[in-house]
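Hi everyone, thanks for making time. I'd like to walk you through one structure, going strand by strand and then looking at some charged side chains. Have a look at it first.

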Amino acid sequence: MPSASELQPGDTVLVTDGPFAQSTGPVRAIDRERNRVQLVVQVFGDDTRIDVPLNAVEKVSTA
């Protein structure tokens, strides 16, 4: 589980829990007070902004 300080806008993350599990997308915003992350995922071919708990995402390695 990443901490809010490890994630930055633009990082790609994998959603690990909830209805969007296994979706990946770029971080758009981090709400450090609420421990939530806003990211964009593809839903039916359209970009959709979702808000998920910080503990439900993993940073995707770029290596």
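Before we start, one term: a residue is called buried when its relative accessible area is under 20%, exposed when it is over 50%, and partly exposed in between. Also keep in mind that this is a predicted model.

Okay, strands. β1 and β2 run antiparallel, with 3 bridges joining them. If you want to find one residue pair there, go to Leu14, whose bridge partner in β2 is Thr24. Then β2 pairs with β3, again in the antiparallel sense, over 4 bridges. Here you can look for Val27, which has Leu39 as its bridge partner in β3. β2 and β3 make a hairpin with 4 residues between them, and Asn35 in that turn has a positive phi of about 55°.

Now step back to the loop between β1 and β2, where Ser23 sits. Is Ser23 buried or exposed? Ser23 counts as buried, because its relative accessibility is 18%. And what does Ser23 touch, leaving out residues up to four places away in sequence? The answer is Val13, Leu14, Val15 and Val41. Its side chain also has a polar atom 2.9 Å from the backbone oxygen of Phe20.

On to charges. Side chains of opposite charge can pair when their charged atoms come close. This structure has 4 salt bridges. One of them is between the side chains of Asp11 and Lys59, at 3.6 Å from N to O. That pair links distant parts of the chain: Asp11 is in the segment before β1 and Lys59 is in strand β5, 48 residues apart. The two partners sit in different settings, too: Asp11 is buried because its relative accessible area is 16%, while Lys59, at 47%, is partly exposed.

Next, Arg34. Its side chain meets Asp31 in a salt bridge at 3.4 Å, N to O, and it meets Asp51 in another at 3.7 Å, N to O. Arg34 lies in the loop between β2 and β3, and Asp51 is in strand β4, so this pair ties together parts that are 17 residues apart in sequence. Put Arg36 into the picture as well, and salt bridges with shared partners join Asp31, Arg34, Arg36 and Asp51 into one network. As for accessibility, Asp31 is partly exposed at 26%, and Asp51 is partly exposed at 30%.

That's my tour. Thanks for listening!

Conventions: Residues are numbered from 1 along each chain as its sequence is written. This is a predicted model: local features need pLDDT of at least 70, side-chain atom pairs count only at pLDDT 80 or more; totals for chains, interfaces and linings use all residues. Side-chain values use heavy atoms; hydrogens and water are left out. Helices (H or I, at least four residues) and strands (E, at least two) are DSSP runs, numbered from the N terminus. Buried means under 20% relative accessible area, exposed over 50%, partly exposed in between (1.4 Å probe, protein chains only). A polar contact is a pair of N or O atoms within 3.5 Å; within protein, one must be able to donate a hydrogen and the other to accept it, and residues adjacent in sequence count only if both atoms are side-chain atoms. Contact means heavy atoms within 4.5 Å. Two strands pair if DSSP finds at least two bridges between them.
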